[in-house]
Amino acid sequence: MIRPVNPDSLLIIIPAFNEEGAIASVVREVHQFVPGVEVLVIDDCSTDSTIAAARAAGAHVLPVPHHLGLGGCVQAGYKLAWELGYSYVIRVDGDGQHDPRDIPRVFEKLRSSGCEMVIGSRFVTANGSRTGTVRSFGIRFFRLVLRPILGKPVHDPTSGFVGVNRRALNVFRSSFPLDYPEIEALVVLQRRRFRFEEVPCKMRPRTTGRSSITALKSLYYVVHVLLGVFVNVLKFERRLHLPQRRPEEEK
Amino acid sequence: MDRLLNVTTVLSVILLLLILISVRRAHIRVEYSVTWLVAAVAMLVLSRSRPLLDTVRNLAGLPDSPLTLFLLGAGVFLLMFFRFSVIISHLRDDNIALAQRVAILEYHIQDLKDHEKQEA
């Protein structure tokens, strides 16, 4: 059973769907670079041996009863982390693209900045990470869309390498986008006057499997996320009338 | 015009029978059949009552009766599709929340079982 061992306890969650080729090495790497931290793999009803591979590598597994999609899986992890009393949760993808060596940096930023979300970003500094043409165009587009909404620039809005604290967990356990959650989640937090920071991280090329967002799905992705962003903006418009957050609230 | 009205009547009767049979066999729940039944009966009445159709046409300011019938049918079915989209969205949200709860409870149960084994 995973249990928080101290007030600053961190849980690593890894949503996975048919990632038997990569999940074991991701879990081992996390244990190697972040020793003593519990790893929870949320299995989205994989048809391969993802669960067995994750358990063999030393992870705890939360299998969901039917396919929920990425957002549903991540939210299940957030709900369990909240119930168990974790203070921080960092999400790492199960395909090995996120380098677990960057986890301590994200965690440190979460603790030291006091902001609710820290994004592991490919583009804060030039670090050699490469993205495809279509995805690169999408990221640039959403940077432009999000800039006025968030009130500050976000370099890598589609990054799934994300750390959150308990305040964000409290929000996400009841309100989390189910499809393509990364961009909408930023807006959900911003509407509640929460803050986010980015730290430079390196993304590695995928070693097994294929991305769920193909070139054909990209257009649907853009429309879907754009709609989700504006729905969230409209949903919480009353925030404009809320008082400014005081420093003692941030502690 | 009469032919179109007759076709509409036949379609309405088929729809009505289909809904009643589906409700009887429990393929569709009663609360979701009401909207369909109302739509089918409305189409049936309009297709059999020329004066009523003409009244509706005049009220809507439409040039002819077939167009009135078509627009009414399209409007009713659009509203029904919208209603079902709302219902499906709610069901999907509930379904995901339930699946997450089941997964978390199963996790806790497994933990208790492991704990019992260790104590034994």
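Start by selecting Ile12(A) and Val39(A): Ile12(A) stands opposite Val39(A), which sits in E2(A). You're looking at a predicted model, where local features need pLDDT of at least 70, side-chain atom pairs count only at pLDDT 80 or more, and totals for chains, interfaces and linings use all residues. To find your way, count residues from 1 along each chain as its sequence is written, with chains lettered from A and ligands numbered from 1 in the order in which they are written.

Now colour strand E1 (residues 10-16) and strand E2 (residues 38-43) of chain A, which pair in the parallel sense over 6 bridges. Strands pair if DSSP finds at least two bridges between them. Strands (E, at least two residues) and helices (H or I, at least four) are DSSP runs, numbered from the N terminus.

Next, show the whole open sheet of chain A: 7 strands in the order E3-E2-E1-E4-E6-E5-E7, with mixed pairing. At the edges you'll find E3 and strand E7 (196-200), each pairing on one side only.

Add H3(A), which lies across E1, E2, E3 and strand E4 (88-91) and runs at about 155° to E1(A). Axes here are lines fitted to C-alpha atoms, for helices over the stretch in contact, and angles run from 0 to 180 degrees between N-to-C directions.

Finally, switch on chain B: 14 residues of chain A are in contact with 8 residues of chain B (C-beta atoms, placed from the backbone, within 7 Å). Which element gives the largest share of chain A's side? H3(A) does, with 6 residues.

Technical notes
Contact = placed C-beta atoms within 7 Å.
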